[in-house]
Amino acid sequence: MKKALVIVSACSIFGSPDVGVGADAKVSKDAPKRDVSMYQVPWVCPAAHQIGCGSHAKPILLELEKNPGVSEAWLNRQGTAVAVVWKPDAKHKARSEAEKTLKEQKGAKLSGKEGAKVLADFESGKGWYRGAGVDRLSEGEAGVIAARWVRRLRAKTTLTDEKAEGLQAALTDGLKKCLTGKAAMPETEDGKALELRRVASPFLDEKQIGILGEAAGCGMRAMANEE
């Protein structure tokens, strides 16, 4: 049973106090024209293909903004493009270092029509996230994963809609904390098992908790027979 109760090694759902997160990009149309470079990146979330991976992007965006030549760094919702807003006095060395950082993360500079298209999307101010703001993408990822685990559970046991909804909400809340770095990972496998039990026990009996553990143990990503 212990093995069945072990949650995926990527994180636990152990809660801790929340901290503030950033917000969506809101680029004023009245703002003076800025020096912006666009980059294509493969940062799509492996567990939720319709959004970018916030936990992967966050440290990179924050690192970019430490660069003396970078004013802002943003990721689009799809996790396919990064916008770097340069400071007016950005030196060639600073630009090269920022581009090296992106290249190391499989980023490629966009130009021509494709670059202009992505730039126009960025300037619309909708669906772009800066720094800690990508936590919103991680929160969306948490909802997708929680729903996936509940579907796996319901495929093997009967569960009322009310309990399924309550369980999904509890799992989503825990995973949000995990994926945004607000949850501490227990030191032992037993700790993970006990934490999953704590979250699930208001909604599931002992046997169902074991099935949920197996569902979580299959991973966060969709399996071959899942969407």
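# Loop and helix packing in a predicted model

User: Lys106 lies in a loop of this predicted model; between which helix and which strand is that loop found?
Analyst: Lys106 sits in a loop rather than in a helix or strand. Gln105 is found in the loop between helix 2 and strand 4 as well. For Lys106, the flanking elements are helix 2 and strand 4 (108–109).

User: Does Lys106 count as buried or exposed?
Analyst: Residues count as exposed when their relative accessible area is over 50%. Lys106 has 68% relative accessibility, so Lys106 counts as exposed.

User: What is the phi of Lys106, a residue other than glycine?
Analyst: Most residues other than glycine have a negative phi. Lys106 has a positive value, although Lys106 is a residue other than glycine. Its phi is near 65 degrees.

User: Which residues is Gln105 in contact with, leaving aside its neighbours within four places in sequence?
Analyst: At 27% relative accessibility, Gln105 counts as partly exposed. Gln105 and Ile60 are 45 residues apart in sequence, yet their C-alpha atoms are 8.5 Å apart in space. Ile60 is one of the contacts of Gln105, and the full set is Pro42, Trp43, His56 and Ile60.

User: How is helix 1 (residues 54–64) oriented to helix 2 (residues 92–104)?
Analyst: The axes of these two helices come within 10 Å and cross at roughly 170 degrees. Angles over 145 degrees count as roughly antiparallel. Helix 1 is therefore, with respect to helix 2, roughly antiparallel.

User: Which residues of helix 1 and helix 2 make the contact between them?
Analyst: The residues of this contact divide into four nonpolar, one polar and one charged. On the side of helix 1 they are Ile60, Glu63 and Leu64, and on the side of helix 2 they are Ala98, Thr101 and Leu102.

User: How are helix 4 (residues 135–154) and helix 5 (residues 161–179) oriented to each other?
Analyst: Two packed helices are described by the angle between their axes and the distance between the axes. For helix 4 and helix 5 the axes are 8 Å apart, and the angle is about 140 degrees. Helix 4 passes helix 5 in a right-handed crossing. With that angle, the two helices are therefore oblique.

User: How do the residues of the contact of helix 4 with helix 5 divide into nonpolar, polar and charged?
Analyst: Helix 4 contributes residues including Ile145, Trp149, Val150 and Leu153, while those from helix 5 include Leu167, Leu171, Leu175 and Leu179. Charged residues also take part, among them Glu139, Glu141 and Arg154 of helix 4 and Asp161 and Lys176 of helix 5. The division is 12 nonpolar, four polar and five charged.

User: In what order do the elements of the chain run from the N terminus on?
Analyst: The secondary structure of the chain comes to seven helices and five strands. Of the contacts with a separation of 6 or more, 77% join residues 24 or more positions apart. Of the 227 residues, 46% count as buried. From the N terminus on, the order is β-α-β-β-α-β-α-β-α-α-α-α.

User: In which helix is the confidence of the chain lowest?
Analyst: The mean pLDDT of the chain is 85, and 81% of its residues reach 70 or more. pLDDT stays under 50 over residues 1–10, and likewise over residues 12–23. Strand 3 (residues 81–86) has the highest confidence, at 98, whereas the lowest, a mean of 73, is in helix 6 (residues 189–200).

Note on methods: Residues numbered from 1 in each chain as written. Predicted model: local features only at pLDDT ≥ 70, side-chain atom pairs only at ≥ 80, totals over all residues. Heavy atoms only, no water. Axes fitted to C-alpha atoms, helices over the stretch in contact; angles between N-to-C directions. Helix = DSSP H or I, 4+ residues; strand = E, 2+ residues; numbered from the N terminus. Parallel < 35°, antiparallel > 145°, perpendicular 65-115°, else oblique. Left-handed = near helix turned anticlockwise from the far one by under 90°. Contact = heavy atoms within 4.5 Å. pLDDT = per-residue confidence, 0-100. Buried < 20%, exposed > 50% of the residue type's maximum accessible area, 1.4 Å probe, protein only.
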